[in-house]
Amino acid sequence: KKPNEPPKTQQNLRTKKVVILDVGGDRFTAKRTTLHRFPTTRLGRLVRADTIDKILENCDEFFPGDPPEYFFDRNPDNFPAVLNMYRTNKFHTTGSGCALVLQKDLEYWGIDPYSLEACCALKYFPEVDVSQSEKEMDLKAKMKAMEQAEEEDFGSSTLSQWRSWLWNTMEYPWTSNLAQFLALFSLSMVLLSTVTFIISTADELQKDAQG
């Protein structure tokens, strides 16, 4: 055996023509030469790895055999589009699912999003921007809700519990039947006052017109 020659088992792995890729329980079969087309991606590095350590740097589990099988603990939804890129040299998305999930998948598989074909890129990049904005707005809403809950935390004593009940009754009509009744009563009083004011104003206008 030569000093720098890799172990026999690793040499055998690199001569296998077909590999199995298990992504989140979904198994895909591909030719090793197909995955060599993009050597800087995760799959490209995987099929060029010549030691177990290097293989496990690019997948979560490895099962030597004929053919060898590589396991990735990932959601498989976007993987058919990823694998199809190796087969066709063109990258098209499936057109379904969250753009941010696809963005994370592309990062994991080592694929440049700018390699997307124009027809898919025109849809993908705006969706990423919109999804990111919605995510930030949702985060701000959650932070605001947490701050509000902290401000309205009156404590755990008996007096604090009464204060919390009174606050919820006056501020949040949906918290109890009494709160709903008080809200409707308050609204009715406002409407009654408004109608009374309108009627009294109308009477004064009539008197001015007559006199």
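I take two strands as paired if DSSP finds at least two bridges between them, and I take strands (E, at least two residues) and helices (H or I, at least four) as DSSP runs numbered from the N terminus. The model I am reading is predicted, with local features needing pLDDT of at least 70, side-chain atom pairs counted only at pLDDT 80 or more, and totals for chains, interfaces and linings using all residues. Residues are numbered from 1 along each chain as its sequence is written, and side-chain values use heavy atoms, with hydrogens and water left out.

**The sheet.** I looked up β1 (residues 18–23) and found that it pairs with β4 (residues 69–72) in the parallel sense over 4 bridges, with L21 standing opposite Y70 in β4. I then traced the open sheet of 4 strands, which has mixed pairing and runs in the order β2-β1-β4-β3. Because β2 (26–31) and β3 (61–63) stand at the edges with a single partner strand each, one side of each is left without a neighbour in the sheet.

**D22.** Which strand holds D22? I find D22 in β1, where D22 is buried (under 20% relative accessible area, 1.4 Å probe, protein chains only). D22 has no salt bridge, that is, no side-chain nitrogen of Lys or Arg within 4 Å of a carboxyl oxygen of Asp or Glu; the nearest side chain of opposite charge, R27, is 4.6 Å away. I also note that the side chain of D22 reaches the backbone nitrogen of G25 at 2.9 Å. Leaving aside residues up to four places away in sequence, D22 touches (heavy atoms within 4.5 Å) R27, E69, Y70, F71 and F72.

Note on methods: Buried < 20%, exposed > 50% of the residue type's maximum accessible area, 1.4 Å probe, protein only. Lys, Arg positive; Asp, Glu negative; His and termini not counted. Polar contact = N/O pair within 3.5 Å; in protein donor to acceptor, adjacent residues only side chain to side chain.
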